[in-house]
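Got the viewer open and a few minutes to spare? Load the model and follow along.

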Amino acid sequence: MIGTGYVGLVTGTCFAELGHRVICVDMDKSKIDSLNAGGIPIYEPGLKELVRKNRKLKRIRFSTSIKEGVEASEIIFIAVNTPPLPDGGADLSFVEACTREVAQYANGYKLLVEKSTVPVQTGERVKQTLAMLGHSANNIEVASNPEFLREGSAIQDFLKPDRIVVGVQSKKAEKHLRELYAKIKCPMVVTDINSAELIKHASNSFLALKISYINAISHICEKVGADVSRVAEGMGLDSRIGKSFLSAGIGYGGSCFPKDVSAFIKIAEANGYDFSLLKKTEEINVDQRLLVVKKMEQALWTLKGKVIAVLGLAFKPNTDDLRNAPAIDIIRELLARGAVVKACDPVAAEKTKALFPKIEYCDTALEAAQGAHGLLLVTEWADFRKLNLAKLKSAMATPVVVDGRNMFDPLQMAQKGFVYHSIGRPAVARLDAKPVKPLVGKPS
Ligand code: UDX
């Protein structure tokens, strides 16, 4: 496994769990040293125990040497990162470097498998690179095996996937990959490399599209006084639509959806297709982040000098990952509008300090809410669902809540005396405030 990040480490460990012998390689010596000392460089529920178990069984080891990994392996996975380039395309330089090193150290037949998410036709480029370095498909064969791991449930997603996708060019490669995944009972889609690469981008982009679609519906709901969570419920019961990925809110973040959507747009353009549908998907998603800041400003009149508690920093619950996290853009916008920010997140606070050293970090939601004029729910951590609303209201300077993930119930919030705004659902003004009678006629 070349690349020991979110994908490589989970995939390598799960292959070991299936009984295979795995060498996880990474150029980052500190990461490898930490792993060899029993540490885990990423937050992923259940991973620490699984790594420890398979290290003890001597099924997995960690090294900084690609040479060692290549020489000892029959199947080599490229699991290096493919970050976005400034123009939105995928930076494949790590994949290219990895390919060259495999070619350099190959000591017999190798099956070189793309695990990283790569634009379609990357496999072609890998083959060309190998050919330029004197390797034919007989000794280094290329295949594609995209991952569908969600952060926070990656082990479960690997061991109990909906499907396994492999793109191969020979029966021999197919046989290797079937053996590799033999213990996992699920449909296996065996196809060509281009189709396998496309399945990944098309799947992630469709999920992103589905999220932007329900967020677009939430705007209409707000204008006509409907409730988007009920609309989503009614839609999702149609088996052709399905209820997942229909939660309106601040929109998607993370290391995959934003990157995959922009890379897919670019590769489509490079092949002569203008993917305007995905461009609109991106636009809607970016606008959602500003939307919650505007809602807070509208509720407080002005954000200048106001104390805003931001609940949730990671891009979603059960991870510490801040990549493309909505909270980052939202905090930046709040500060730009003169607000004072108090942030709270069960695991991602440490990483956020590097980005925003000057804001206050609190261990609990109530601490963040203390003296706050407004509270902004950004990431739907389970801890926040259990918040004692009476204590929350008494802690706040003014009981204004903007719920970016529709985590709370509007009626309950109204009954507890909050001004409550969420996404695609009717806003709730404070019920205990005496309505201000508009002046009619001439003042007496
Ligand atoms: C995603 C894909 O699900 C996974 O298959 C792929 O391999 C990697 O990218 P991940 O990015 O880890 O996984 O998280 P996921 O759970 O898919 O959520 C992605 C984003 O969508 C999160 O920011 C989440 O908050 C958001 N989301 C999800 C919504 O806004 N609404 C929803 O209904 C669901």
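Here is a short tour, from the whole chain down to single residues.

**Before you click**

This is a predicted model, where local features need pLDDT of at least 70 and side-chain atom pairs count only at pLDDT 80 or more, while totals for chains, interfaces and linings use all residues. Residues are numbered from 1 along each chain as its sequence is written, and side-chain values use heavy atoms, with hydrogens and water left out.

**Stop 1: the whole protein**

Switch on the cartoon view and you'll be looking at 18 helices and 13 strands. These are DSSP runs numbered from the N terminus: H or I of at least four residues for helices, E of at least two for strands. Zoom out, and the C-alpha atoms fill a box of roughly 100 × 50 × 40 Å along the principal axes. The radius of gyration is 25 Å, which agrees with the value near 22 Å for a compact globule of 444 residues; it is taken over C-alpha atoms, and the rule is 2.2 Å times the number of residues to the power 0.38.

Now colour by burial. Of the 444 residues, 52% are buried (under 20% relative accessible area; exposed is over 50%, partly exposed in between, with a 1.4 Å probe and protein chains only).

**Stop 2: two loop residues**

Select Trp 301, in the loop between helix 12 (276–300) and strand 8 (307–311). What is its phi? Trp 301 has a positive phi of about 80°, although it is not a glycine. Most residues other than glycine have a negative phi. Trp 301 counts as exposed because its relative accessibility is 79%.

Next, pick Asn 318, in the loop between strand 8 and helix 13 (326–336). Asn 318 isn't a glycine, but has a positive phi of about 60°. With a relative accessible area of 39%, Asn 318 is partly exposed.

**Stop 3: the cysteines**

Show the cysteine side chains. How many disulfides are there? The count comes to zero, taking a disulfide as a pair of cysteine sulfur atoms within 2.5 Å. Click Cys 256: the nearest cysteine sulfur, in Cys 14, is 16 Å away. Cys 256 is partly exposed, at 23% relative accessibility.

Finish at Cys 362. Why does Cys 362 have no bond to Cys 344? Its sulfur is 6.8 Å from the one in Cys 344, the closest cysteine sulfur, so the gap is too far for a bond. Cys 362 is buried, at 4% relative accessibility.
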